[in-house]
Amino acid sequence: MANQNAKGFKRLINACFFSIAGFKATWQHEEAFRQEVALFVITTPLAIWLGQTAIEKVLLIGSMVLVLLVELLNSAVEAVVDRVGFEHHELSGRAKDIGSAAVMLSLIWAGVTWALILL
């Protein structure tokens with residue numbers, strides 16, 4: 001995170017590059033993220049095709065975006081925990097389990113959203 005003192009437009013540009021680096025790292029190191037991106041790529045055209053109103057389309061696509069957001073945050077938590085150390089610690093395991101639970105909940109939410117709109 002070079003040049004943290006950047007201001008204005010330069011700070012915005014730096015933030016974009018940091019975000020792209022985050023996407024690249026998650027894609028490279030997290031198989032679950034790659035699977036969820038594949039699911040997003042498949043479901044987005046389906047949402048556009050099957051959603052009858054703009055609101056339905058946004059909800060269908062948004063539920064899948066939520067899964068990606070939660071997976072990114074879970075991956076960040078896992079990276080920090082792994083950075084601290086690989087030895088078993090109850091709190092490390094708890095942090096990873098909680099992140100995993102958040103991903104599962106977002107997937108359930110997406111499934112319920114799709115079911116309620118399409119069924």
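Colleague: At which residues does UniProt place the feature "transmembrane region"?

Modeller: This is a predicted model, where local features need pLDDT of at least 70, side-chain atom pairs count only at pLDDT 80 or more, and totals for chains, interfaces and linings use all residues. Residues are numbered from 1 along each chain as its sequence is written, and side-chain values use heavy atoms, with hydrogens and water left out. UniProt positions follow the numbering used here, with shortened feature names, and annotations may be inferred rather than shown by experiment. The unreviewed UniProt entry places the feature at residues 58–77 and 97–118.

Colleague: How far apart are the end C-alpha atoms of residues 58–77?

Modeller: Start with the fold of the span. Helices (H or I, at least four residues) and strands (E, at least two) are DSSP runs, numbered from the N terminus. Residues 58–77 are 100% helix and 0% strand. Their end C-alpha atoms are separated by 28 Å.

Colleague: And how far apart are the end C-alpha atoms of residues 97–118?

Modeller: Look at the fold here too. Residues 97–118 are 100% helix and 0% strand. From end to end, the C-alpha distance is 31 Å.

Colleague: Which six residues make the largest nonpolar core?

Modeller: A nonpolar core is a set of buried Ala, Val, Leu, Ile, Met, Phe, Trp, Tyr and Cys residues joined through side-chain atoms within 4.5 Å. Buried means under 20% relative accessible area, exposed means over 50%, and partly exposed lies in between (1.4 Å probe, protein chains only). The largest such core is made by Ala47, Leu60, Met64, Val67, Ala110 and Trp114.

Colleague: Which element gives the most to this core?

Modeller: Two elements give two or more residues to this core: α3 (54–84) and α4 (90–118). The top giver supplies three residues. That element is α3.

Colleague: Which residues does Thr113 touch, not counting those up to four places away in sequence?

Modeller: Thr113 sits in helix α4. Thr113 counts as buried because its relative accessible area is 12%. Contact means heavy atoms within 4.5 Å. Beyond four places in sequence, Thr113 touches Leu59, Leu60 and Ser63.

Colleague: Is Thr43 buried or exposed?

Modeller: Thr43 belongs to helix α2. Outside its neighbours up to four places away in sequence, Thr43 touches Met64 and Trp114. Its relative accessibility is 11%, so Thr43 counts as buried.

Colleague: What distance separates the C-alpha atoms of Thr26 and Leu91?

Modeller: Thr26 is in helix α1 (residues 8–29), and Thr26 counts as buried at 10% relative accessibility. Among residues more than four places away in sequence, Thr26 touches Phe33, Leu72 and Ser75. Leu91 is 65 residues from Thr26 along the chain. Their C-alpha atoms are separated by 23 Å.

Colleague: How many salt bridges does a search of the whole structure find?

Modeller: Side chains of opposite charge can pair when their charged atoms come close. A salt bridge is a side-chain nitrogen of Lys or Arg within 4 Å of a carboxyl oxygen of Asp or Glu. Searching the whole structure gives a count of two.

Colleague: How far apart are the closest N and O atoms of Asp82 and Lys96?

Modeller: Asp82 lies in helix α3 and Lys96 in helix α4, so this pair ties together parts that are 14 residues apart in sequence. Asp82 is partly exposed at 27% relative accessible area, and Lys96 is partly exposed at 27%. In their salt bridge, the closest N and O atoms are separated by 2.6 Å.

Colleague: With which residue does Glu90 form a salt bridge?

Modeller: Glu90 counts as exposed at 55% relative accessibility. Its partner counts as partly exposed at 41%. The two are four residues apart in helix α4, which means about one helical turn separates them. With closest N and O atoms 2.9 Å apart, the partner of Glu90 is Arg94.

Colleague: Which helix gives the most to the nonpolar patch?

Modeller: Patches are made of residues with over 30% relative accessible area and no salt bridge: like charges are joined within 9 Å, nonpolar side chains (Val, Leu, Ile, Met, Phe, Trp, Tyr) within 5 Å. Areas come from the Shrake-Rupley method with a 1.4 Å probe, and for residues only the protein chains shown count as cover. Ile42, Leu46, Trp49, Leu50, Leu118 and Leu119 make a nonpolar surface patch of about 670 Å². Four of the patch residues come from the helix that gives the most, α2 (residues 31–50).

Colleague: Is Ile42 buried or exposed?

Modeller: Ile42 lies in helix α2. Its relative accessible area is 53%, so Ile42 is exposed.
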